Amino acid sequence: MNTATMARTPAGARAQASPGRASERLDELQIDAASGLHVGMVRIGAQRLRVAIRPAGASRSGVPLLLCNGIGANLELAVPLVQRLDGIESVLFDAPGAGRSPAPKRPYRLFMLARLLRKLLDHLGYGQVDLLGVSWGGGLAQQFAIQYPQRVRRLVLAATAMGGVTMLPGDPRVLVKMVDPRRYLDKGYMKRVAPQLYGGRLREDPQAIRLFTDHARGGDRTGYRYQLLAMLGWTSLPWLWRMRQPTLVLAGDDDPLVPLVNARLHAWLLPNARLQVLHDGHLFMLTQADETARLISRFLEAGGAQLRSRRDAATQ
């Protein structure tokens, strides 16, 4: 971030952790040389979270990027993307019950998970962040931006919508397959359902499917059900007017789960948003990691507050 914009810290925000120092606050710390991730565990109250940080390096400073992944998704699925976000300190986590984070003892609502994330950022020493939400994680990112607006500088919403009750749904035969996390546990099943479930490059390219199966790690079935329950009845629609952060809405033009019309409507309703459409399906952040990283990096590094008028956002 430009130092001129940091003359005064926003109320409610905290001083940023020094580059690379946040990982020192992780328990059971391991460094993966291939990905550059510093991976460990954090305890927030009764909940343990598996967290990974990819430091920007001592020569870089600025606002870190917090990534909220899709339902049931482990943090490794975001590695191809964050490896391409050079110079941006990235923070990833396994949601409770996903990946290697243990499931919570009881169900939760989305606002409770947003509060848990705020406590995680406090623990790691981060103040203001840029926020990236993918699919289910896009709902969490919106909830966090609504609850803690001064903690979010810029927002990226990828392959997501305003919530199930206000979403223009995809094919019900596709959506029903999302009720079960089997695709994270059974590679053979994933290969069979991926073309119909995710669309885009996964319709024709076995290597695209392998990208998913190579990075996916199964979590806890109870945790997966709790993620479904957390989103039940939730919508950001009444609160979109409060989300004034510059926002980049990313969508695939062949997404069976979240049809493109949702992204167009989302970008039109947000006060300060820009829509970027990729020629792909739901998993474009994995299958088009280079292009997605380029779009995100350019957006996060851009100056100025106003992005685009609502009319432009809706017609792009």
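This report walks through a protein chain, from its overall make-up to two of its helices and a patch on its surface.

**The whole chain**

What you see is a predicted model. The protein chain has 316 residues, and 56% of them count as buried. Its secondary structure comes to twelve helices and nine strands. Look at the contacts in the chain with a separation of 6 or more: 75% of them are between residues 24 or more positions apart. On the outside, the chain exposes about 13,900 Å², with carbon and sulfur atoms supplying 52% of that area.

**Two helices, side by side in the table**

Let's pick out α6 and α7.

| Helix | Residues buried | Arc of the buried residues | Contact at the start |
|---|---|---|---|
| α6 (187–198) | Y189, M190, V193, A194, L197, Y198 | 140 degrees | D186 side-chain oxygen to G188 backbone nitrogen, within 3.0 Å |
| α7 (206–215) | A208, I209, F212, T213 | 140 degrees | D205 side-chain oxygen to Q207 backbone nitrogen, within 2.9 Å |

Start with α6. Which residues of α6 are buried? They are Y189, M190, V193, A194, L197 and Y198. Looking down the axis of α6, you'd find these residues within an arc of 140 degrees, so they line one face of the helix. There's a handy rule behind that kind of pattern: an α-helix has 3.6 residues a turn, so residues three or four places apart point the same way. The cover over the buried residues of α6 includes α4 (172–175), α5 and α7. Flip to the face turned away from the buried side and you meet K191 and R192, which are exposed. Right after α6 comes G199, and its phi is positive, near 65 degrees.

Now for α7. Its buried residues include A208, I209, F212 and T213. They sit on the same side of α7, because they cover an arc of only 140 degrees around the axis. What do the buried residues of α7 pack against? Their partners are α5 (182–185), α6 and α10 (284–287).

**A nonpolar patch on the surface**

Finally, head to the surface. L168, V261, L265 and W268 make a nonpolar patch there of about 330 Å². One of these residues, L265, belongs to helix α9, which spans residues 260–269. Is L265 buried or exposed? Neither label quite fits: L265 has a relative accessibility of 34%, so it counts as partly exposed. The cut-offs explain this, because buried means under 20% and exposed means over 50%.

Key
Residues numbered from 1 in each chain as written. Predicted model: local features only at pLDDT ≥ 70, side-chain atom pairs only at ≥ 80, totals over all residues. Heavy atoms only, no water. Patch = residues over 30% accessible without salt bridge, like charges linked within 9 Å, V, L, I, M, F, W, Y side chains within 5 Å. Areas by Shrake-Rupley, 256 points an atom, 1.4 Å probe, with all protein chains shown as cover. Salt bridge = Lys/Arg side-chain N within 4 Å of Asp/Glu carboxyl O. Helix = DSSP H or I, 4+ residues; strand = E, 2+ residues; numbered from the N terminus. Buried < 20%, exposed > 50% of the residue type's maximum accessible area, 1.4 Å probe, protein only. Arc of directions from axis to C-beta. Contact = heavy atoms within 4.5 Å. Polar contact = N/O pair within 3.5 Å; in protein donor to acceptor, adjacent residues only side chain to side chain.
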